[in-house]
Amino acid sequence: MTGWLDALIQGVLLGGLYALFAAGLSLIFGVMRLVNLAHGDLIVLAAFAILVVAGKFGLDPFVAVLLALPVLFVVGFALQHVLLNRTLGRDLLPPLLVTFGLSIIIQNGLLQVFSADSQRLRSGAIETASIPLGGGIAIGVVPLLTLLSAIAVILLLNFIFYRTPVGRAFRATSDDLEVAQLMGIDHRRVFATAMGLAFVVITIAALYLGLRANFDPTAGPARLLYAFEAVIIGGLGSFWGTLAGGIVLGLAQTIGARIDPEWQILAGHLAFLLVLVVRPRGLFPRAQD
Amino acid sequence: MDDASASATQVYRIEGPASRAAGAAVVVILLMLVLLPVFAGRTLIQDLIFLFYMLALAQCWNLLAGYAGLISVGQQAFVGLGGYLLFAFTLLGGLDPLFAIPLAGLVCALFALPTALIVFRLRGAYFAIGTWVVAEVYRLVLAQFKPLGGGTGTSLTPSVTSSVPGIEWVKTVLDLRTPAARDIISYWAALALVAGTLAAVYLILRSRRGLALGAIRDHEAAAAGLGVDIYRVKLAVYVATAAMTGMIGALIYLQKARISPDAAFSVLDWTAYVIFIVVIGGIGTMEGPVIGAIIFYLMQRYLADFGASYLILLGTLGILVMLFAPKGLWGLVSERTGLTLFPTRRKLVVHRPGTDRS
């Protein structure tokens with residue numbers, strides 16, 4: 001019984017990580033209808049960036065991430081401005097294929113620079129620290145921080161979207177691009193800002209990816225699939241839905257793993273397909289698309 | 001002008017300036033390719049097997065993405081499933097390998113139908129990632145299937161690989177040893193499959209359904225407005241390409257004689273390369289994938305040793321073509337010359353009394 005309760009708690013905490021993966025994907029889809037096939041590889045790239053900063057300056061990953069954040073915001077802004085803005089239009093193919101190409105370039109670029117060895121972000125005692133809840137159940141500090149960060153990121157994104165001028169521009173371009181342009185909004189700049197913001201979320205996700213488990217240059221595609229599943233399970237258009245989707249996915253995986261360790265990933269995918277059959281628009285849908 | 005008489009004499013013709021010559025050339029090239037093993041060395045035969053199955057896969061993906069607008073990044077699902085079915089039918093069921101190939105295609109179609117009912121709930125770009133999830137599900141399920149080696153995979157026994165019909169005949173006629181004779185049988189099977197795939201895609205595109213497909217490619221909403229049943233056409237294309245992709249997968253793994261879940265369901269080998277071929281050559285045309293496959297084969301032959309840098313180059317090239325020449329290399333050629341080798345476009349020919357031009 002405690003085993004199952006433990007699986008449920010760990011599942012919810014794992015869901016926090018998946019919600020962090022998914023929030024960036026959800027953000028850029030919401031603003032510019034772009035589905036980024038390189039999203040998972042960008043998370044891994046950010047994890048390597050934190051690793052390099054931490055290693056070079058001898059910093060703790062939690063401090064290194066603060067240095068990496070502005071840099072990755074600029075990288076995201078530039079990527080959108082220089083490359084991805086050119087692909088947007090009525091045709092679906094260019095953004096998909098360009099981001100797919102990007103995914104291959106990032107994976108192999110990382111492979112060349114860092115080799116195929118698995119890496120990990122080291123942060124001393126906090127990695128293994130846990131809070132006992134009694135009854136033989138304990139929750140890890142890092143998983144708890146992950147979930148709390150996911151909630152904080154979603155609160156922040158909701159604040160930006162609904163309480164700031166930037167957020168108003170995001171929503172305007174998302175609702176009607178042409179009218180937004182008529183109102184004097186430079187949509188290319190808005191999109192680039194959104195991508196920069198997505199890179200900030202990606203970098204936070206990367207911190208917890210690297211603290212929780214090993215990662216290597218080929219770890220990206222699986223993260224993309226988890227992020228995507230969380231977005232679809234939660235329903236498009238709502239950040240809280242994305243958090244719920246991440247938790248459903250995390251629960252499915254830990255419950256599957258509890259039955260048979262080899263079924264962890266499969267159970268997550270099957271839960272996603274089940275939601276697609278039963279509620280094709282997700283559990284908490286808002287947007288039409 | 002009298003409307004009724006004009007419409008009575010309106011006919012359409014599906015032909016381009018070079019298409020008759022191209023038709024004759026295809027027959028000659030096909031004959032030469034059939035007879036090639038008599039003269040060619042084993043390496044060339046093996047290279048051509050690779051070229052043929054990549055071209056066949058590319059043509060299937062082109063039909064799916066270029067015409068039906070179903071951008072899938074999960075076609076490795078059917079390559080892997082086809083390969084595994086071949087292993088199951090021959091190793092566990094004791095079937096003749098050449099008979100197992102079409103059977104694998106049929107079973108892939110049966111799997112494609114329920115798969116489509118689920119992934120078709122996702123639109124556009126989300127459909128793409130959904131197909132990838134499905135391929136992962138196939139991979140993880142087969143990794144649990146212990147009779148075929150689970151996660152580590154398994155090999156075909158020599159009794160299976162040498163039971164392919166025709167090997168003895170090739171051995172005596174061409175005076176070869178078993179492995180070389182096996183390659184030649186695989187070569188002919190690959191040739192038959194690529195020719196069959198090309199012919200099937202060509203005939204589909206020239207048919208009434210092909211007209212519907214072209215309409216969907218050009219403007220989906222307009223096609224729906226003209227009465228095209230988009231859902232049914234897309235479903236038919238998805239299932240048909242799954243069957244063809246499955247047969248190609250079965251053939252690939254008959255030739256490789258060793259299968260594992262990670263290799264058989266590799267997104268790089270069976271989808272990324274295939275997309276690269278179609279995009280470089282020119283999506284939405286039949287000529288494009290042929291050109292793309294030849295370019296990819298040459299790059300693979302001379303640059304693959306560079307490993308990661310080679311893949312970075314492929315990715316960069318794909319992005320550049322998508323941005324600056326979205327119709328691919330064939331698009332550049334046909335825009336300048338108006339050339340079509342495999343004409344699928346219908347051109348209206350109006351016969352007026354007294355001006356018979358045919």
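Q: What do the buried residues of H6(A) pack against in this model?
A: Bear in mind that the model is predicted. The buried residues of H6(A) pack against four helices of chain A: helix H1 (2-32), H5, helix H7 (177-182) and helix H8 (187-212).

Q: Which residues of H6(A) are called buried, and what makes them so?
A: They are Ala169(A), Phe170(A) and Thr173(A). The cut-off is 20 or more other C-beta atoms within 10 Å of a residue's own, so a residue that reaches it counts as buried.

Q: How do you know on which side of H6(A) these buried residues sit?
A: Look at the arc. Ala169(A), Phe170(A) and Thr173(A) cover only 105° around the axis, so they lie on the same side of H6(A). The general rule helps here: an α-helix has 3.6 residues a turn, so residues three or four places apart point the same way.

Q: Why is H5(A) called roughly perpendicular to H6(A)?
A: The axes of helix H5 (residues 141-163) and helix H6 (residues 165-175) of chain A cross at roughly 80° and come within 5 Å. Angles of 65 to 115 degrees count as roughly perpendicular, so H5(A) and H6(A) earn that label.

Q: Which residues make the contact of H5(A) with H6(A)?
A: From H5(A) come Ile160(A), Phe161(A), Tyr162(A) and Arg163(A), and they meet Val166(A), Gly167(A), Phe170(A) and Arg171(A) of H6(A). By class, that contact has 5 nonpolar, 1 polar and 2 charged residues. If the polar one puzzles you, Gly counts as polar in this scheme, and Gly167(A) is on the H6(A) side.

Q: What makes the radius of gyration of chain A agree with a compact globule?
A: Set the value against the rule: with 289 residues, a compact globule would come out near 19 Å, and chain A has 19 Å, so the two agree. Along its principal axes, the C-alpha trace of chain A spans about 60 × 50 × 35 Å. As for burial, 51% of its 289 residues count as buried.

Q: What is chain A built from?
A: Chain A has 11 helices and 2 strands. Read from the N terminus, the order is α-α-α-α-β-β-α-α-α-α-α-α-α.

Q: How many residues of chain B are in contact with chain A, and what class are they?
A: On chain B, 32 residues are in contact with 31 residues of chain A. Helix H6 (124-143), helix H14 (267-281) and helix H16 (308-324) of chain B each give two or more residues to that side. By class, the chain B side divides into 24 nonpolar, 6 polar and 2 charged.

Technical notes: Residues are numbered from 1 along each chain as its sequence is written. Chains are lettered from A and ligands numbered from 1 in the order in which they are written. This is a predicted model: local features need pLDDT of at least 70, side-chain atom pairs count only at pLDDT 80 or more; totals for chains, interfaces and linings use all residues. Axes are lines fitted to C-alpha atoms, for helices over the stretch in contact, and angles run from 0 to 180 degrees between N-to-C directions. Angles under 35 degrees count as roughly parallel, over 145 as roughly antiparallel, 65 to 115 as roughly perpendicular and the rest as oblique. Two residues are in contact if their C-beta atoms, placed from the backbone, lie within 7 Å. The radius of gyration is taken over C-alpha atoms; the globule rule is 2.2 Å times the number of residues to the power 0.38. A residue is buried if 20 or more other C-beta atoms lie within 10 Å of its own, exposed if 12 or fewer, and partly exposed in between; C-beta atoms are placed from the backbone. The arc is that of the directions from the helix axis to the C-beta atoms.
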